[in-house]
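Visitor: I am new to reading structures. Could you walk me through this one, feature by feature?

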There are 2 protein chains.
Amino acid sequence: MIPVLEIFGPTVQGEGAVIGRKTMFVRTAGCDYRCSWCDSAFTWDGSAKEDIRKMTPEEIYQTLLEAGGDTFDHVTISGGNPALLAGIGELLALFKEKGIESALETQGSKYQPWFKFIDELTISPKPPSSGMDTDVDKLSFILNETKGQSVSLKVVIFNEEDLAYAKSIHQRFPDVPFYLQVGNDELDEKDDSRLLGHLARKYEWLIDRVMPDPEFKRVRVLPQLHTFVWGNKKGV
Amino acid sequence: MIPVLEIFGPTVQGEGAVIGRKTMFVRTAGCDYRCSWCDSAFTWDGSAKEDIRKMTPEEIYQTLLEAGGDTFDHVTISGGNPALLAGIGELLALFKEKGIESALETQGSKYQPWFKFIDELTISPKPPSSGMDTDVDKLSFILNETKGQSVSLKVVIFNEEDLAYAKSIHQRFPDVPFYLQVGNDELDEKDDSRLLGHLARKYEWLIDRVMPDPEFKRVRVLPQLHTFVWGNKKGV
Ligand code: SF4
Ligand code: SF4
C-alpha cells in the first residue's frame, strides 16, 4: 500500500529535465527531511494526516484514469520523499504494462532498487538554506547505480551559500546533467502578479550569477514554471 | 564567409529542447520567410543591413571568445534562417574541434548536409498565423535525414488555427519530440511587467487547450523564458 496525498492532472511539469511535459501527478505522504522552505510540508507535518489514503497500485491507476481519462501517457511521482516507499516498484511495473512513462523526484537520501525503472529520475540534494545535511556517499551510490539511465541533478538556490553548495555537487558529479532552480521564498504571497515579478527578478539574479562563472558551464538554469502561471496554488 | 548580425552571451537558452541551457548566440542574416510576427525581422527586412558582418568561422570563434571567455561550452546558431548558409558546416567543424556543443533552429524550408553535425537541432515549421506555407515534403525529408540525432519539432502558437496546424504536424511525425511554444503577440510592449502578466495568461490558455486533448499526449508546452526575464529586449 502506498500512502497518497494528491492525484491530479493532466498539467505541465513545471521543473527540471522534462519541464513543460504534459503529465499527471501522484504525491506521496512522508518525508525524512524537514526543509525550512519546503513547499509540500503538508506531506510530512501532520497538517494533512486525515487526507492520506493508503492505495494499491491498481487503485492509483484507476484514480489517474478518472482524473486524466485518455489524455495522458506520463506520470510524475513526487512527495514528500517517494524513495521511502518500497511499494512504488509495483506501481512502476503497472505503468510499464500500461505504456505510461514515469518521472520521479527525490532528494537522494535513500536508494530503492526500483529507481532503475524510472524513465526520468531527478535527484535534488538540498542546499544549506534548507537546514538539512547531504549524505554525499549515498548520493554517489545512487548516481552510480542509475548510471546509463536518464538521471539528472537539480539544486534549488535561495542564496550565495546555496550556489557554492551547488557548485561543489556539480564538480563532484560533472557528467550528470545539472539543473539550477530558482527557490521560491514567497510561499505565502497570494498576489500572483507580485509573485511573478519577484520570481522573474530572482531568476534574473541566478542567471547573472551563473553566466559569468567558468565553473558552471554545462548547466541549465530554470524557474518553476507552474508558479509563473498559478502562483502558490496547489494541485494544478 | 557567414553573414552575422549578432554574437552575444553567455545567457540562457529561452526556448525548446535545451531550455535554460547556458549558451552563446550567433545570429545569422537572411531569411527565405517573412513571418507576420517575426521577432527577428531585422535579420531580413533591410533595417540592419549596415550591421551585417561577413565573417570566417575563425573570426566568429574569436568573437565568441571575446564575449564569453572561458565561461561557455555551448553555442546556439539562430537567424534568420541559418539553413540558407552552406558555410555553417565549417563553423560546426571548428566547434567540434574546440569541444563546443551546438544547437540550431530553422523553420525546415531548406536542408543542409551539415544538419547531421548539430548536437540539438530544432525544426520549427511556421503555423498559419505567420502567413507562410509549410513544405511538408521538405520537412519529412529533413526529419528522415536526421533520424537518430537529437532533433525536435517546435510550433509557435498564436491562435486556434495554429493549434490545429500543430496537431497535424505532430500526427504526421508522432515519434519526433514535440514542443508547443506560446507566441509573443506583444512585440512592441515596453512595460515588462505588463508583458509578463500577458504572456503568463497566454501560456495558461495554451496549457488549458492542450491538457484535455487526447491527441496531444507526448508533448511539451513552454513559454519563451527570456521574455519573462528581459521582456522584448534584444541581445540578452
Ligand atoms: S525533501 Fe522535499 S518534501 Fe522533504 S522536506 Fe525537503 S522540500 Fe519538503
Ligand atoms: S522563419 Fe524565423 S526568422 Fe524567418 S521570418 Fe519567420 S520567424 Fe522570422
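Guide: Gladly! Let us begin with contact, which means heavy atoms within 4.5 Å. Here the contact takes 37 residues from chain A and 37 residues from chain B. This is a predicted model, where local features need pLDDT of at least 70, side-chain atom pairs count only at pLDDT 80 or more, and totals for chains, interfaces and linings use all residues. Side-chain values use heavy atoms, without hydrogens and water, residues are numbered from 1 along each chain as its sequence is written, and chains are lettered from A and ligands numbered from 1 in the order in which they are written.

Visitor: How much area do chain A and chain B bury between them?

Guide: Buried area is the accessible area (1.4 Å probe) that two parts lose on being put together, summed over both. For chain A and chain B that comes to about 3100 Å², with 63% of it on carbon and sulfur atoms. A:Lys22, A:Met211 and A:Lys217 supply 19% of the area that chain A buries against chain B, more than any other three residues.

Visitor: What turn lays chain A on chain B?

Guide: In general, two copies of a chain are related by a rotation about an axis and a shift along it. Superposing by least squares on the C-alpha atoms of residues with pLDDT of at least 70 in both, a turn of 180° and a shift of 0.0 Å along the axis lay chain A on chain B with an RMSD of 0.0 Å. The two copies are thus related as by a two-fold rotation axis. In chain A, A:Leu196 has the C-alpha nearest the axis, 3.9 Å from it.

Visitor: In what order do the strands of the sheet in chain A run?

Guide: Strands of a sheet pair through backbone hydrogen bonds, either parallel or antiparallel. Strands (E, at least two residues) and helices (H or I, at least four) are DSSP runs, numbered from the N terminus, and two strands pair if DSSP finds at least two bridges between them. In chain A, nine strands form an open sheet with mixed pairing, in the order E3-E1-E2-E4-E5-E6-E7-E8-E9. Strands E3 (53–55) and E9 (219–222) of chain A stand at the edges, each with a single partner strand, so one side of each has no neighbour in the sheet.

Visitor: Which residues surround ligand 1?

Guide: A residue is near a molecule if one of its heavy atoms lies within 4 Å of it. Around ligand 1 you will find, among them, A:Cys31, A:Cys35, A:Cys38 and A:Trp44.
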